[in-house]
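This report covers a single model. It deals with salt bridges, helix ends and helix packing.

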Amino acid sequence: MVYSAASLAAELGVSNSPVREAMLALVDDGLMEAVPNRGYRPVSLTERDLAEIAQVRMFFEVPAAGLAAELGVGGRLGELAELVEVIEVSAAAGDLVANLDADRRFHLLLVEACGNQRLTGMVGRLRDQTRLYNLPALAASGALIASAGEHRPLLDAIAGGDRALAESLMRDHLAHITADWSREGADK
């Protein structure tokens, strides 16, 4: 489906400029692509795209989890624990919006513990590119609940300062997500 900035602006009751700027920001983030003389459409992800994104996330998030365990999370342990609770409850309730939000915030807070804003921004963009991929199917299959249950042990390893365990749990968590994407893609 192609979205016109002008028609979206009219539907929202705003001028074209902010809608066009927002759409271009989504293009920059890899979520939308421009369709000449027509508008913008969501980017379709191939299995290869998903595999590449998962690989880059492994490169970034596994060592980041280890570093968070080693350095600590800067007094944000309580906030992370609250997010884990929201992740678990929202997954069980099938609340995809709350689950997506809490999961994104959890992962980005862990990466932020490294103190590198560029890294945090890159991980955020990678996550945004994939988070809507087959999410309803993953929720229906129970994979979302299984994924939610992997956050608490990860947080416990980080709180305990166990770098090796935190890295191992993050690696397993990302591997499960990648396997779920592949499995859901094969079901299409």
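The text below takes up the charged pairs, then one helix terminus, one helix pair and one single residue.

The model is predicted: local features need pLDDT of at least 70, side-chain atom pairs count only at pLDDT 80 or more, and totals for chains, interfaces and linings use all residues. Residues are numbered from 1 along each chain as its sequence is written, and side-chain values use heavy atoms, with hydrogens and water left out.

**Salt bridges**

A salt bridge is taken here as a side-chain nitrogen of Lys or Arg within 4 Å of a carboxyl oxygen of Asp or Glu. By this rule the model has 12 salt bridges. Three of them are listed in the table.

| Acidic residue | Basic residue | N to O distance |
|---|---|---|
| Glutamate 88 | Arginine 152 | 2.6 Å |
| Aspartate 103 | Arginine 127 | 2.3 Å |
| Aspartate 128 | Arginine 104 | 2.7 Å |

Helices (H or I, at least four residues) and strands (E, at least two) are DSSP runs, numbered from the N terminus. For accessibility, buried means under 20% relative accessible area, exposed over 50%, and partly exposed in between (1.4 Å probe, protein chains only).

Glutamate 88 and arginine 152 form a salt bridge at 2.6 Å, N to O. Glutamate 88 belongs to helix H4 (residues 77-93) and arginine 152 to helix H9 (residues 151-159), so the pair ties together parts that are 64 residues apart in sequence. Glutamate 88 is partly exposed, at 23% relative accessible area, and arginine 152 is partly exposed as well, at 32%.

The side chains of aspartate 103 and arginine 127 meet at 2.3 Å, N to O. Because aspartate 103 is in helix H5 (residues 96-112) and arginine 127 in helix H6 (residues 117-130), this salt bridge ties together parts that are 24 residues apart in sequence. Aspartate 103 is buried, with a relative accessibility of 3%, and arginine 127 is buried, with a value of 0%.

Aspartate 128 and arginine 104 are paired at 2.7 Å, N to O. Aspartate 128 lies in H6 and arginine 104 in H5, so this pair ties together parts that are 24 residues apart in sequence. Aspartate 128 counts as partly exposed at 25% relative accessibility, and arginine 104 is partly exposed at 29%. Elsewhere, Glu70, Arg163 and Glu167 are joined into one network by salt bridges that share partners.

**Ends of helix H1**

Serine 4 caps the N-terminal end of helix H1 (residues 5-12), with a side-chain oxygen 3.2 Å from the backbone nitrogen of alanine 6. This is a polar contact, meaning a pair of N or O atoms within 3.5 Å; within protein, one must be able to donate a hydrogen and the other to accept it, and residues adjacent in sequence count only if both atoms are side-chain atoms. Glycine 13, just after H1, takes a positive phi of about 75°.

**Helices H5 and H9**

The axes of H5 and H9 come within 13 Å and cross at roughly 20°. Axes are lines fitted to C-alpha atoms, for helices over the stretch in contact, and angles run from 0 to 180 degrees between N-to-C directions. H5 and H9 are therefore roughly parallel to each other, a term for angles under 35 degrees. On the H5 side the contact (heavy atoms within 4.5 Å) is made by Asp103, Phe106, His107 and Leu110, and on the H9 side by His151, Leu154, Leu155 and Ile158.

**Valine 86**

Valine 86 is found in helix H4 and is partly exposed, at 36% relative accessibility. Leaving aside neighbours within four places in sequence, valine 86 is in contact with Ala98 and Ala102.

Conventions. Angles under 35 degrees count as roughly parallel, over 145 as roughly antiparallel, 65 to 115 as roughly perpendicular and the rest as oblique.
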